[in-house]
Amino acid sequence: MESGAFVTMAGAAFTLCRAVLSAPGSKNIRLRQFCYWTAVRRTTNAFKSGRAAILIGIPTLSLLGHEVYQRVQRSSVVLALEREELLEQADYLYSSAETEKLYQLLLQHKDRDDAEFLWRLARATRDMSRRPDTTADKKKQLVYESNECAKKALEKDEKCFAAHKWFAICLSDIGDYEGIKVKLGNSYIIRDHLQRAIELNPKDATSMHILGIWCFSFAELPWYQRKVAAVIFASPPESSYEEALDYFLKAEAVDPNFYSKNLLMLGTTYLRMNDKEKAKMWLTKAKDYRPLTLEDQEVHKEAADMLKSLG
């Protein structure tokens, strides 16, 4: 090959390598300069030895691939950091009882295909439905929206314990709008998802508490609802105060004082079992619980009223 031709082609290779390596994000200038000259030297030698057909594309494509890889890696890191920061912010707002701020934050990310965002949005949407200033129509809308979010979270990740938990909770809320037949019909589904949540995370006190509520509710099921249940199921759901108490105590053992309602339910269940001393002990704890939410305030009042009635 003519020397002018290989010099021209080598110069083109050098220019292309320099363009690739000078792209934004390259960190080491000395390394880039070394690579420029290595690329030129290899290309020039290749032409001289007749190996140009094999080597001409390698330096450029390798360097280009490396740059693309670096950019993809940086992009993935940024997205991962953004995701973690958003989840941390959401959890902080939830712990601070900033219901509306949390809802607005997560609503901006409602289209994310991420179970961790979706179950949090389900929870926040449900919390918005329970605010005292929410109209009846708006409440119903939010209840159904929260159920859809929880369902999507479960579809995205069947092994996410929180998705199972919040799907069970939100499905239970749907029953308030679709009648006792639907509510009872969903009862086994709700129980199964709560049990699955506990199986996936044996340290989740909330799932244990809610399963305790499930047991307590069926222990107290009125006779007319038992008749409806007998029509729906060959073997209607049954439970007892003892079973409910077991779940409430397990929840408290896993995470002491985690929820004012669990303290109240312990007191209430002991009362149903005619153990007034233990009932008073737990009701007093519920009354003395520092209220952070509207529900905590309601629990405080209910516990105080029950203690008065016990004398």
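Leaving out neighbours within four places in sequence, S146 touches A122, T125, R126 and C170. That's a handy way into this predicted model, which has 15 helices and 0 strands. Of its 311 residues, 40% count as buried. Take the contacts between residues at least 6 apart in sequence, and 61% of them join residues at least 24 apart.

**Around S146 and T125**

- S146 sits in helix 7, which covers residues 136-156.
- At 0% relative accessibility, S146 is buried, because the cut-off for that class is under 20%.
- The S146 side chain also has a backbone partner: it reaches the backbone oxygen of V143 at 2.7 Å.
- T125, one of the residues that S146 touches, belongs to helix 6 (residues 115-129).
- T125 is buried too, with a relative accessible area of 2%.
- Skipping neighbours within four places in sequence, T125 is in contact with Y103, L142, E145 and S146.
- The side chain of T125 gets to the backbone oxygen of L121 at 2.6 Å.
- T125 and C149 are 24 residues apart in sequence, and their C-alpha atoms are 8.8 Å apart in space.

**Helix 7 against helix 8**

- Helix 7 packs with helix 8 (residues 161-185) at an angle of about 150 degrees, and the axes are 8 Å apart.
- This crossing of helix 7 and helix 8 is left-handed.
- On the helix 7 side, the contact is made by K139, K140, V143, Y144, S146, N147, A150, K151, A153 and L154.
- Helix 8 brings A163, H164, W166, F167, C170, L171, D173, I174, Y177 and E178 to the contact.
- Sorted by class, the residues where helix 7 meets helix 8 come out as 12 nonpolar, 3 polar and 5 charged.
- S146 and C170 both appear in this helix 7 and helix 8 contact, and S146 is in contact with C170.

**Cysteines**

- A disulfide is a covalent bond between the sulfur atoms of two cysteines.
- With a cut-off of 2.5 Å between cysteine sulfur atoms, the count comes to 0 disulfides.
- C170 shows why: its sulfur is 8.2 Å from the closest cysteine sulfur, the one in C149, and that's too far for a bond.
- C170 is buried, at 0% relative accessibility.
- C160 is buried as well, with a relative accessible area of 5%.

**I198 in helix 9**

- I198 lies in helix 9, residues 187-200.
- With a relative accessible area of 17%, I198 counts as buried, because that is under the 20% cut-off.
- Once neighbours within four places in sequence are set aside, I198 has contacts with S207, M208 and L211.
- I198 and H164 are 34 residues apart along the chain, with their C-alpha atoms separated by 9.3 Å.
- H164 also turns up among the helix 8 residues that meet helix 7.

**Two asparagines with positive phi**

- N257 isn't a glycine, yet it has a positive phi of about 65 degrees.
- You'll find N257 in the loop between helix 12 (241-254) and helix 13 (260-272).
- N257 is partly exposed, at 45% relative accessibility.
- N274 isn't a glycine either, and it has a positive phi of about 65 degrees.
- The loop holding N274 runs between helix 13 and helix 14 (276-288).
- N274 counts as exposed at 68% relative accessibility, because the cut-off for exposed is over 50%.

**Helix 14 against helix 15**

- Helix 14 follows the loop that holds N274, and its axis comes within 8 Å of the axis of helix 15 (residues 294-310).
- The axes of helix 14 and helix 15 cross at roughly 145 degrees, and the crossing is left-handed.
- From helix 14, the residues in the contact are K276, K280, L283, T284, A286 and K287.
- They meet V299, H300, A303, A304, M306, L307 and L310 in helix 15.
- By class, this contact of helix 14 with helix 15 has 8 nonpolar, 2 polar and 3 charged residues.

Definitions and conventions:
Residues are numbered from 1 along each chain as its sequence is written. This is a predicted model: local features need pLDDT of at least 70, side-chain atom pairs count only at pLDDT 80 or more; totals for chains, interfaces and linings use all residues. Side-chain values use heavy atoms; hydrogens and water are left out. Helices (H or I, at least four residues) and strands (E, at least two) are DSSP runs, numbered from the N terminus. Buried means under 20% relative accessible area, exposed over 50%, partly exposed in between (1.4 Å probe, protein chains only). Axes are lines fitted to C-alpha atoms, for helices over the stretch in contact, and angles run from 0 to 180 degrees between N-to-C directions. A crossing is left-handed if the near helix is turned anticlockwise from the far one by less than a right angle, and right-handed if clockwise. Contact means heavy atoms within 4.5 Å. Ala, Val, Leu, Ile, Met, Phe, Trp, Tyr, Cys and Pro count as nonpolar, Asp, Glu, Lys and Arg as charged, and the others, Gly among them, as polar. A polar contact is a pair of N or O atoms within 3.5 Å; within protein, one must be able to donate a hydrogen and the other to accept it, and residues adjacent in sequence count only if both atoms are side-chain atoms.
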